[in-house]
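Hi there,

I'm passing along the structure we talked about, so please open it and have a look around. My notes follow below it.

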Amino acid sequence: MKTVMITRRDVKKILTPALANETVESAFRAYGLGQADMPAKSYLHFEKGDLRSMPAYIHGQGFRIAGIKSVNVHPQNKSHNLPTVMAVIILIDPENGFPLAILDGTCLTAMRTGAAGAVAAKYLSRENSRIAGFAGCGVQARTQLSCLLEVRRIEKVTIWQVSQDVQCSADFKEWVENTYHLETFVSSDIDKITTEADILVTTTPSRSPLVTRVSPGTHINAIGADAVGKQEIDPRVLRKAKIVIDDWSQASHSGEINVPLSKGQITQEDVYTELGRIAAGKAEGRTSEDEITLFDATGLAIQDVSCAYIVYKELRDTGTLQKITLF
């Protein structure tokens, strides 16, 4: 038997925002129905970053596949001309343990994270949401917007400009205008961005609260906090919000809620439910126009394995991929 090699170019050809959204929603539904097994991600910490191991087995909603992702986060990688996040995914046949495919997971990670935000927005944001605000304007902001546009008719994008990196917001603004022809607005006043957005997306590596004010009815996709000590949202905002997490063991350890939980600023009782339970119909999403909702996304292995499997299925019989004999 041979193992298929799937590159970034291959992944980008197949994994569109629409397909990623559909796949990730199915994976969350499987998880909510108990049709997926997924230990919490484990971490190796280095001086300048970390390495994470993320295994999962999905056995429902059209999936019967296992896999594991190895992914790093090194914020200073720009100086090495490397991405901050790089990932490799190995798909495993649960029948015999054979590695069916090895995939570039870097592009896939960005897209599946964007899809998780879109799924959350589908269930938790107001249907008439028109303004998307962004704190953070890197690669992840782009896939968040691309996937969000599949579920909401966004007409305006507002961007917080960080004084230390003016170019980032300028590049994001130009990309939004050239790619989607949407109205854009940039401001160094973060409160203006956070209080005027219908959907607020935070994708920064911050270790102290940035978002201190939002308006009634806002939905927040809190994406940036994905390790112990990271935090983007002020606990006072969290206490006003309906908090939905992707997974308790991960979110409590390394998600947006990890710091306020450790400080006693919120408790487990302040967390409403997991997104998988909403996708599975076991819990309601948004229930009023004025409630503030927040999705705490740490990134789940079920997202990686499901998306990798869809890409693999589309490409495995095309005859265009390299195959190698490992054993």
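**Salt bridges and a sheet**

Arg316 and Asp317 are joined through their side chains by a salt bridge, with 3.9 Å from N to O. Please keep in mind that this is a predicted model. A salt bridge here needs a side-chain nitrogen of Lys or Arg within 4 Å of a carboxyl oxygen of Asp or Glu, so the pair counts. How accessible are the two partners? Arg316 is partly exposed, at 33% relative accessibility, while Asp317 is exposed, at 69%.

Some salt bridges share partners, and in this way Asp50, Arg52, Asp226 and Lys230 are linked into one network. The structure has 18 salt bridges, and two further ones are good places to practise.

The first place to look is helix α6, which covers residues 190-196 and holds both Lys192 and Glu196. These two residues sit 4 apart, about one turn of the helix. They form a salt bridge whose closest N and O atoms are 2.9 Å apart. Both ends are partly exposed: Lys192 has a relative accessible area of 30%, and Glu196 has 38%.

The next one links the side chains of Asp234 and Arg236, at 3.0 Å from N to O. Which of its partners is buried, and which is partly exposed? Asp234 is at 10% relative accessibility, and it counts as buried because the limit is under 20%. Arg236, in contrast, is partly exposed, with a relative accessible area of 48%.

Now for the sheet. It is an open one made of 8 strands, and you can trace them in the order β10-β9-β8-β11-β13-β17-β15-β16. The pairing is parallel. At the edges are β10 (183-187) and β16 (271-274), each of which pairs on one side only. If you compare neighbouring strands, they are turned by 20° against each other on average, ignoring direction.

To see one pairing in detail, go to β11 (residues 199-202) and β13 (residues 219-222). These strands run parallel and are joined by 4 bridges. What is the bridge partner of Ile199 in β13? The partner is His219.

Finally, turn the view until you find helix α4, residues 139-148. Helix α4 lies across four strands of this sheet's list, namely β8 (131-135), β9 (156-160), β11 and β13. The angle between α4 and β8 is about 165°.

Have fun exploring, and write back with any questions!

Best wishes

Terms used. Residues are numbered from 1 along each chain as its sequence is written. This is a predicted model: local features need pLDDT of at least 70, side-chain atom pairs count only at pLDDT 80 or more; totals for chains, interfaces and linings use all residues. Side-chain values use heavy atoms; hydrogens and water are left out. Buried means under 20% relative accessible area, exposed over 50%, partly exposed in between (1.4 Å probe, protein chains only). Two strands pair if DSSP finds at least two bridges between them. Axes are lines fitted to C-alpha atoms, for helices over the stretch in contact, and angles run from 0 to 180 degrees between N-to-C directions. Contact means heavy atoms within 4.5 Å.
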